[in-house]
Amino acid sequence: MIEGLSEAQTAGLEVIAAIAERPVDELERRHEMVADLGIDSPKALRLLLDLEDRLDIEISDEAAARMDTVGDVLDQLAGVG
Amino acid sequence: MRIDPGRRLGGILIGLAGRLARWLVLALGATWRLRVVGDEHLEDLRRGGGPMLLAFWHEHAVIACSVLYRRLHRRGVPLTLLTSQSRDGELLARVVRAWGIDPVRGSSTRGGSAALRALHRAVARHGLSPILVPDGPVGPPHVAKTGVLVLAQTTGAPILPLAFAASSAWRLGSWDRMRIPKPFSRVTVVVGRPMPVPADATGDALESERLHLESLLDASTES
């Protein structure tokens with residue numbers, strides 16, 4: 001269970017869990033999106049779409065390319081909201 | 001506000017080049033003797049049968065733009081087009097804007113890229129059929145990247161493969177050796193059966209779909 005998250009980070013974690021089809025409380029910062037969670041290209045596209053829609057943000061290609069782990073995604077969302 | 005005269009002049013020149021290119025493509029296309037094989041699939045689109053991903057090799061861009069403009073856009077089928085951020089992409093964007101088509105700018109070569117997200121929304125939310133070149137923007141020629149497949153998977157829209165042949169054509173010296181049919185040549189368009197891509201296809205299964213798409217896009221290329 002990852003603690004100390006902002007509202008946006010919590011929402012982001014829920015989006016990751018939904019796309020990866022995993023319970024939220026099973027996710028850890030160190031989990032790699034592809035190797036551990038099976039987030040392939042179609043799922044990555046859905047993940048980014050859902051993050052943008054739910055949080056009303058735009059994610060640049062550069063930021064998306066840095067989202068290798070759950071922790072990376074949460075870090076990107078640290079300043080949102 | 002500061003105005004950069006050089007940049008402004010460049011924009012004007014690209015705008016003029018875009019209008020000239022539009023006129024040339026339409027004028028040239030009007031002389032071709034066109035035969036469409038599989039027109040019933042275009043008819044599905046004209047009857048509002050839902051968006052499809054219109055795909056062809058980059059070398060056929062001139063033929064395809066002319067044909068799709070006349071056969072789909074002018075008959076009310078809402079289209080969009082992915083154009084690169086390069087200077088060539090800007091010229092193409094100006095051309096299609098002059099035709100009343102709003103382009104999406106960017107690259108779809110990276111999974112989940114901003115351009116792919118914009119295309120997804122254009123298809124899924126607005127019902128637009130995007131014009132895509134799976135070997136673009138810079139090749140290698142006739143090698144499909146996975147962006148179009150991913151888009152088909154996430155939107156549920158099938159890929160409509162388009163192949164072209166011309167009895168007589170110029171070949172440019174560009175990476176794709178772009179074909180431009182000469183005036184009054186016979187141009188054949190082969191519209192393939194719409195190709196859905198299973199949402200759960202990954203790994204070898206997705207590679208198999210990619211190779212299948214390549215074979216469909218190669219159909220009738222040689223004439």
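These are my notebook entries on a predicted model with chains A and B.

**Entry 1: where the chains meet**

I began with the contact between the chains. It takes 11 residues from chain A and 14 residues from chain B. On the chain A side, α2 and α3 (61-65) each supply at least two residues. α2(A) gives the most there, with 7 residues. I also sorted that side of chain A by class: 6 nonpolar, 2 polar and 3 charged.

**Entry 2: α2(A) against α5(B)**

Next I looked up how α2 of chain A (residues 41-55) sits on α5 of chain B (residues 114-124). The angle between them is about 75°, and their axes are 10 Å apart. Angles from 65 to 115 degrees count as roughly perpendicular, so that is the label for α2(A) and α5(B).

Which residues make this contact? From α2(A) they are Leu45(A), Leu48(A) and Leu49(A), and from α5(B) they are Leu116(B), Arg117(B) and His120(B). By class I have 4 nonpolar, 1 polar and 1 charged residues in it. The spacing of the leucines sent me back to the textbook rule: an α-helix has 3.6 residues a turn, so residues three or four places apart point the same way.

**Entry 3: α2(A) by itself**

I then checked the helix alone. α2(A) has 15 residues and spans 21 Å from its first C-alpha to its last, close to the 21 Å expected at 1.5 Å a residue. Its buried residues are Ser41(A), Pro42(A), Lys43(A), Ala44(A), Leu45(A), Arg46(A), Leu47(A), Leu48(A), Leu49(A) and Leu51(A). What covers them? The cover includes α1 (7-20) and α3 from chain A, plus α5 and α6 (147-155) from chain B.

Straight after α2(A) comes Asp56(A), in the loop between α2 and α3 of chain A. Its phi is near 55°, positive though the residue is not glycine. I noted this one because most residues other than glycine have a negative phi. Is Asp56(A) buried or exposed? Asp56(A) is exposed, because there are 9 other C-beta atoms within 10 Å and 12 or fewer is the cut-off for that label.

**Entry 4: α6(B), across from α2(A)**

Since α6 of chain B turned up in the cover of α2(A), I went there next. α6(B) is mostly covered, with 9 of its 9 residues buried. Among them are Val148(B), Leu149(B), Val150(B) and Leu151(B), along with Gln153(B), Thr154(B) and Thr155(B). The buried residues pack against α2 of chain A, and within chain B against β2 (53-55), α5, β5, β6 (159-166) and α7 (203-218). Just past the helix, Gly156(B) has a positive phi of about 80°.

**Entry 5: the loop before α6(B)**

The loop between β5 (129-132) and α6 of chain B holds Pro140(B), and His142(B) is in the loop between β5 and α6 too. The peptide bond from Gly139(B) to Pro140(B) is cis, with omega near 5°. His142(B) has a positive phi of about 65° without being a glycine. I have it down as partly exposed, because 15 other C-beta atoms lie within 10 Å.

**Entry 6: the nonpolar core**

The largest nonpolar core has 80 residues, and Leu53(B), Ala55(B) and Leu162(B) touch the most other members. Helix α3 of chain B (residues 61-71) gives the most to this core, with 8 residues. I followed up Ala55(B). Setting aside neighbours within four places in sequence, Ala55(B) is in contact with Leu132(B), Pro134(B), Val148(B), Ile159(B), Leu160(B), Pro161(B), Leu162(B) and Leu217(B).

**Entry 7: α4(B) and Ile101(B)**

Last stop, α4(B). This helix has 12 residues and reaches 17 Å from first C-alpha to last, close to the 16 Å expected at 1.5 Å a residue. Buried in it are Glu90(B), Leu92(B), Ala93(B), Arg94(B), Val95(B) and Val96(B). α4(B) is followed by Gly100(B), with a positive phi near 85°.

Ile101(B) is in the loop between α4 (87-98) and β4 (104-105). What does Ile101(B) touch, not counting residues up to four places away in sequence? I found His73(B), Leu79(B), Thr80(B), Leu81(B) and Val96(B). Ile101(B) and His73(B) are 28 residues apart in sequence but 8.3 Å apart in space, C-alpha to C-alpha. Ile101(B) counts as partly exposed because it has 19 C-beta neighbours inside 10 Å, and buried needs 20 or more.

Technical notes
Residues are numbered from 1 along each chain as its sequence is written. Chains are lettered from A and ligands numbered from 1 in the order in which they are written. This is a predicted model: local features need pLDDT of at least 70, side-chain atom pairs count only at pLDDT 80 or more; totals for chains, interfaces and linings use all residues. Axes are lines fitted to C-alpha atoms, for helices over the stretch in contact, and angles run from 0 to 180 degrees between N-to-C directions. Helices (H or I, at least four residues) and strands (E, at least two) are DSSP runs, numbered from the N terminus. Angles under 35 degrees count as roughly parallel, over 145 as roughly antiparallel, 65 to 115 as roughly perpendicular and the rest as oblique. Two residues are in contact if their C-beta atoms, placed from the backbone, lie within 7 Å. Ala, Val, Leu, Ile, Met, Phe, Trp, Tyr, Cys and Pro count as nonpolar, Asp, Glu, Lys and Arg as charged, and the others, Gly among them, as polar. The expected span of a helix is 1.5 Å times one less than its number of residues. A nonpolar core is a set of buried Ala, Val, Leu, Ile, Met, Phe, Trp, Tyr and Cys residues joined through C-beta atoms within 7 Å.
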